[in-house]
Amino acid sequence: MPVGGPQASPPGNRSWSDTIEDVTTVVIGAGHAGLAASRCLTERSIDHVILERGEVANSWRRERWDSLRLLTPNWQSRLPGYRYEGTDPNGYMTMSEVIDFISRYAAVSPAPVRTHTTVTSVRRTDAGYHVATNNGNLRCRTVVVASGACNVPSIPSLSAAVPASLECFTPFNYRNPNRLPEGGVLIVGASATGVQLADEIHRSGRPVTLSVGEHVRLPRSYRGHDVLWWMDASGVWNQRYDAIDDLTRARRLPSPQLVGTPEHATLDLNALSAIGVELVGRLSAVREGRALFSGGLRNQFALADLKMERLLDTFDEWARTNGHDDDIAPPNRFESTRAPLSSRLDPALRNGQIRSIVWATGFRPDYGWLEVPVIDHKGCLRHDGGVVDAPGMYALGLPVLRRRKSSFIHGSEDDARDVIDHLAAFLARVSARSHAQ
Ligand SMILES: Cc1cc2nc3c(=O)[nH]c(=O)nc-3n(C[C@H](O)[C@H](O)[C@H](O)COP(=O)(O)OP(=O)(O)OC[C@H]3O[C@@H](n4cnc5c(N)ncnc54)[C@H](O)[C@@H]3O)c2cc1C
């Protein structure tokens with residue numbers, strides 16, 4: 001149901017960049033979330049285009065380090081009308097496998113992706129939105145923002161005080177340990193990225209100091225199953241956003257300490273300290289060439305251990321009440337996180353022991369192109385379950401958008417259907433109104 005077709009040629013002396021193309025829906029971003037939205041739009045015969053500044057699966061091509069594998073198992077990789085069908089359902093995809101998986105989805109859908117098309121602004125108009133790109137302009141009734149939640153590494157402002165003699169890296173420009181200078185490395189942040197890089201960099205022979213703040217501890221396997229199988233089976237991952245008490249906090253939770261390896265290894269702080277990674281507290285300041293770490297390491301450990309125990313209790317309760325105790329291994333518990341006997345509180349950064357810093361302090365979205373007042377003071381999109389606070393604008397792929405699993409690949413399936421249902425109902429209302437006039 002197009003609201004108008006593309007213009008055949010530029011009128012008069014105007015160039016192509018002056019023409020405006022009409023389309024019902026513009027999807028911004030050809031990651032898995034944008035492609036899932038496209039599939040659902042196609043199923044409902046809603047004409048649309050996907051605008052992508054790079055290539056399909058651009059984030060996985062450009063913004064990840066060499067050794068990264070998904071931490072979600074292959075069997076869990078599914079999108080609307082598409083799922084992993086390879087020979088290793090319990091394995092974890094490498095980056096080239098993820099790129100193939102998503103690119104194949106775009107091809108078989110087939111998704112109307114325009115690559116190398118950067119959205120430079122989205123503005124509200126009387127009839128919907130005006131979308132400007134480096135390749136021309138579009139008019140549309142509805143927009144799906146699927147531009148990703150992790151566009152920019154989030155680096156604390158205290159980084160400005162780091163002495164210039166240290167080289168700084170983020171997960172976006174770190175590729176492998178060979179790019180780091182020889183010598184000690186301080187990694188700030190102990191969520192999925194921080195623990196994975198700590199392990200890899202330590203194994204390269206560089207002494208690693210890992211600064212640990214709030215974190216989510218998970219074992220790779222529990223009672224004979226991948227811990228993410230438990231998240232799925234017990235319904236934890238399906239919990240809806242409107243049933244979560246503190247949604248703001250749930251949306252800010254750090255990623256779990258997990259790694260996908262062929263050995264299905266657990267990568268927690270005990271595993272890291274056992275190989276010689278030095279654990280220190282949260283980085284609270286950098287002053288006069290010294291890094292100041294907080295002393296609350298034991299509390300951080302205790303809190304993460306307690307939350308893991310509670311989650312395992314939830315799994316046990318689910319197994320018991322659903323009659324699985326006989327076909328699943330019995331419950332077990334894990335050693336508490338071992339606190340170091342003493343931990344450094346203010347090591348010097350100028351004495352040459354630490355030569356580089358990796359900021360593994362999270363990511364944030366970049367909505368610099370969005371000229372609609374829907375961004376809150378924290379830089380997040382204001383939305384209710386993906387229905388953005390502007391008529392006809394929708395979002396996908398954000399943390400706990402509609403469910404706890406929303407920002408993961410398999411989380412897009414249910415979210416995209418719900419959000420595109422809402423979008424279709426919106427278009428039907430707009431169409432009914434215009435017929436009534
Ligand atoms: C390090 C890391 C590891 C992860 N591991 C897993 C995992 O193991 N399993 C899992 O399920 N999930 C994982 N995720 C989470 C999640 O799958 C990714 O964040 C995923 O990339 C989000 O998909 P998306 O489609 O929402 O966004 P993206 O994949 O980021 O896609 C957004 C697209 O929008 C494009 N774009 C952005 N701005 C513009 C613009 N102005 N104009 C045009 N195009 C634009 C980008 O180029 C990009 O291609 C991981 C995330 C990170 C950062």
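In this predicted model, the side chain of Glu 52 places an N or O atom 2.6 Å from an oxygen atom of the ligand. A second side chain, that of Thr 72, has an N or O atom 2.7 Å from a ligand nitrogen atom. The backbone also takes part. An N or O atom of the Ala 33 main chain lies 2.9 Å from an oxygen atom of the ligand. Taken alone, the ligand exposes 970 Å², and the protein buries 94% of this area.

The shell around the ligand holds 29 residues. Those that come nearest are Glu 52, Ser 59, Leu 71, Thr 72 and Ile 409. Glu 52 and Thr 72 thus appear both in this group and in the polar pairs described above. By class, the shell is made up of 14 nonpolar, 12 polar and 3 charged residues. Two helices, α1 (32–43) and α2 (58–62), each supply at least two of the shell residues. The largest share, 3 residues, comes from α2.

Strand β13 (184–188) was examined next. All 5 of its 5 residues are buried. Side chains in a regular strand alternate between the two faces of the sheet. In β13, Gly 184, Leu 186 and Val 188 point one way. Val 185 and Ile 187 point the other way. Both sets are buried.

β13 pairs with two strands. It runs parallel to β22 (residues 354–359), joined by 5 bridges. It also pairs in the parallel sense with β14 (residues 208–211), over 4 bridges. Val 185 takes part in both pairings. Its bridge partner in β22 is Ser 356, and its partner in β14 is Val 208.

The loop between β12 (167–169) and β13 contains Pro 177. Pro 177 counts as buried because its relative accessibility is 11%, below the 20% limit. Beyond its sequence neighbours up to four places away, Pro 177 touches Glu 200, Ile 201, Ser 204 and Arg 206. Thr 209 lies 32 residues from Pro 177 in sequence. In space, the C-alpha atoms of Pro 177 and Thr 209 are 15 Å apart.

Backbone geometry drew attention to two further loop residues. Most residues other than glycine have a negative phi. His 264 departs from this pattern, with a positive phi near 55°. His 264 sits in the loop between β18 (256–257) and α7 (269–275). At 33% relative accessibility, His 264 counts as partly exposed, since this value falls between the 20% and 50% limits.

Glu 288 is not a glycine either, yet its phi is positive, at about 45°. Its place is the loop between β20 (283–287) and β21 (290–293). The relative accessible area of Glu 288 is 73%, so this residue is exposed. The two positive-phi residues therefore fall into separate accessibility classes, His 264 being partly exposed and Glu 288 exposed.

Note on methods. Residues numbered from 1 in each chain as written. Predicted model: local features only at pLDDT ≥ 70, side-chain atom pairs only at ≥ 80, totals over all residues. Heavy atoms only, no water. Near = heavy atom within 4 Å. Polar contact = N/O pair within 3.5 Å; in protein donor to acceptor, adjacent residues only side chain to side chain. Areas by Shrake-Rupley, 256 points an atom, 1.4 Å probe, with all protein chains shown as cover. Nonpolar A, V, L, I, M, F, W, Y, C, P; charged D, E, K, R; others polar. Buried < 20%, exposed > 50% of the residue type's maximum accessible area, 1.4 Å probe, protein only. Contact = heavy atoms within 4.5 Å. Pairing = 2+ DSSP bridges.
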